[in-house]
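Please look at the sequence and the model shown here before reading on. The report below then goes through some of the features that can be found in the structure.

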Amino acid sequence: MADKDETEKTIAEDLVVTKYKMAGEIVNRVLKQVLNKCVVGASVREACEFGDKILTEETSKVFKKEKELKKGIAFPTCISVNNCICHFSPIASEPDLILKDEDMVKVDLGAHVDGFIAVVAHTIVIGSSPEKKVSGRKADVVLAAHYASQAALRLLKPGTETYTITGTVEKICDAYKCKPIEGMLSHQLKQFKIDGEKTIIQNPNDAQKKEHEKYTLETHEVYAMDVLVSTGEGVGREQDTRVTIYKKTEETYQLKLKASRMFYSEVSHKHGLMPFNLRTFEDEKKAKMAVVECVNHRLIEPFQSDCVVDDPELKNLLYSSANPKSAKKKKKKAEKAVGDVAMEVDAKA
């Protein structure tokens, strides 16, 4: 973990930029491989496991000589289908999902090098091709997300107010009769911190407009720009699926159960403050039980897998940007923190 007494490392340093770019190159390579696995009849669980395996392998290849440098998965591979918004990554003891023709599939995953995080997301429609083009409402939501994210990228520069980005995304989605997912947050990124203080909110409701603070983007800041759009009203609801993605917080509490203490110690050692999947633990059953006490006392927070009711088409595009020196969930359950520096994933229908 970064020493709080040290000066905060930013992209003003060339080495920091290099580490962000390394992480960005890794996630882009892995994303392509995971997308290739998303075909008719494919298992979502197996594709997620494949993504995490490749992320671990790829990050292990960089900075081999620096034994103390931490690197690895910054966000576990998730594959959310149709009206599922995000964070779907089933473990072995939970029901799997098999992909079908014309499913709208959203893949997201992340890696970090020395705590500098890059996460990407991309959406495909199973079975689509140049000969079999996407049409109708699926095409509307794809274009809405693409153009909204492109506009947001161009606004990620010093001096921009966050609600300028919020309003721009909403206007573009309106042109396609689509809605951004309500209350979804894009975060500022810092070393070892995937959910920085400054945030850009998407489609806030009246209560969120009063509560959510406005910010101005500044030089040397890094942001994740997560644009997630639906053909419906864009209001999320909890699914029946069990949560599998969690993240350690900075809260403190003396856990009562020995199993919970052992689990929490392993989380701290293996993952630090990075999100993780319960499948990384040898005994999933024990992990599922131990995480309960940790969540109840806010030592660990869950990433809920939400869905949009009566809304089969959802599109997710994830871009991020840094303000360089030259120019530059709703509640926690619905939050999405992801990042990259000047790395883009091509938007494909």
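What follows treats the chain as a whole, then one helix, one strand and two cysteines.

**The chain as a whole**

The structure is a predicted model, and its chain contains seven helices and 13 strands. Of the 349 residues in the chain, 56% count as buried, while the chain exposes about 16,000 Å², of which carbon and sulfur atoms supply 50%.

**Helix α6**

Helix α6 comprises the 13 residues 258-270, and since a rise of 1.5 Å a residue leads one to expect a span of 18 Å, the distance of 18 Å between its end C-alpha atoms agrees with that expectation. Four residues of this helix, Ser-260, Phe-263, Tyr-264 and Val-267, are buried. These residues lie on the same side of α6, because they cover an arc of only 95° around the axis. On the face turned away from that buried side, α6 carries the exposed residues Lys-258, Met-262 and His-269. The elements against which the buried residues of α6 pack are β9 (245-248), β10 (276-277), α7 (284-296) and β11 (300-302). Just after the helix comes Gly-272, which takes a positive phi of about 60°.

**Strand β7**

Strand β7 covers residues 222-230, and because nine of its nine residues are buried, the strand is largely enclosed by the rest of the structure. Val-222, Ala-224, Asp-226, Leu-228 and Ser-230 point one way from β7, whereas Tyr-223, Met-225, Val-227 and Val-229 point the other way, and all of them are buried. The table lists two strands that pair with β7.

| Strand paired with β7 | Sense | Bridges |
|---|---|---|
| β4 (residues 179-180) | antiparallel | two bridges |
| β5 (residues 184-189) | antiparallel | two bridges |

Individual residues can also be named for these pairings: Ser-230 in β7 is the bridge partner of Lys-179, and Tyr-223 in β7 is the bridge partner of Gln-188.

**Two cysteines**

How many disulfides does the structure hold? The structure holds zero disulfides. Cys-38 is in no disulfide, and the nearest cysteine sulfur, which belongs to Cys-48, is 8.2 Å away, although a disulfide would require the two sulfur atoms to be within 2.5 Å. Cys-48 is likewise in no disulfide, with the nearest cysteine sulfur, that of Cys-78, lying 6.2 Å away. Cys-38 is buried, with a relative accessible area of 6%, and Cys-48, at 0% relative accessibility, also counts as buried.

Notes: Residues are numbered from 1 along each chain as its sequence is written. This is a predicted model: local features need pLDDT of at least 70, side-chain atom pairs count only at pLDDT 80 or more; totals for chains, interfaces and linings use all residues. Side-chain values use heavy atoms; hydrogens and water are left out. Buried means under 20% relative accessible area, exposed over 50%, partly exposed in between (1.4 Å probe, protein chains only). The expected span of a helix is 1.5 Å times one less than its number of residues. The arc is that of the directions from the helix axis to the C-beta atoms. Contact means heavy atoms within 4.5 Å. Accessible areas come from the Shrake-Rupley method with a 1.4 Å probe; for residues, only the protein chains shown count as cover. Two strands pair if DSSP finds at least two bridges between them.
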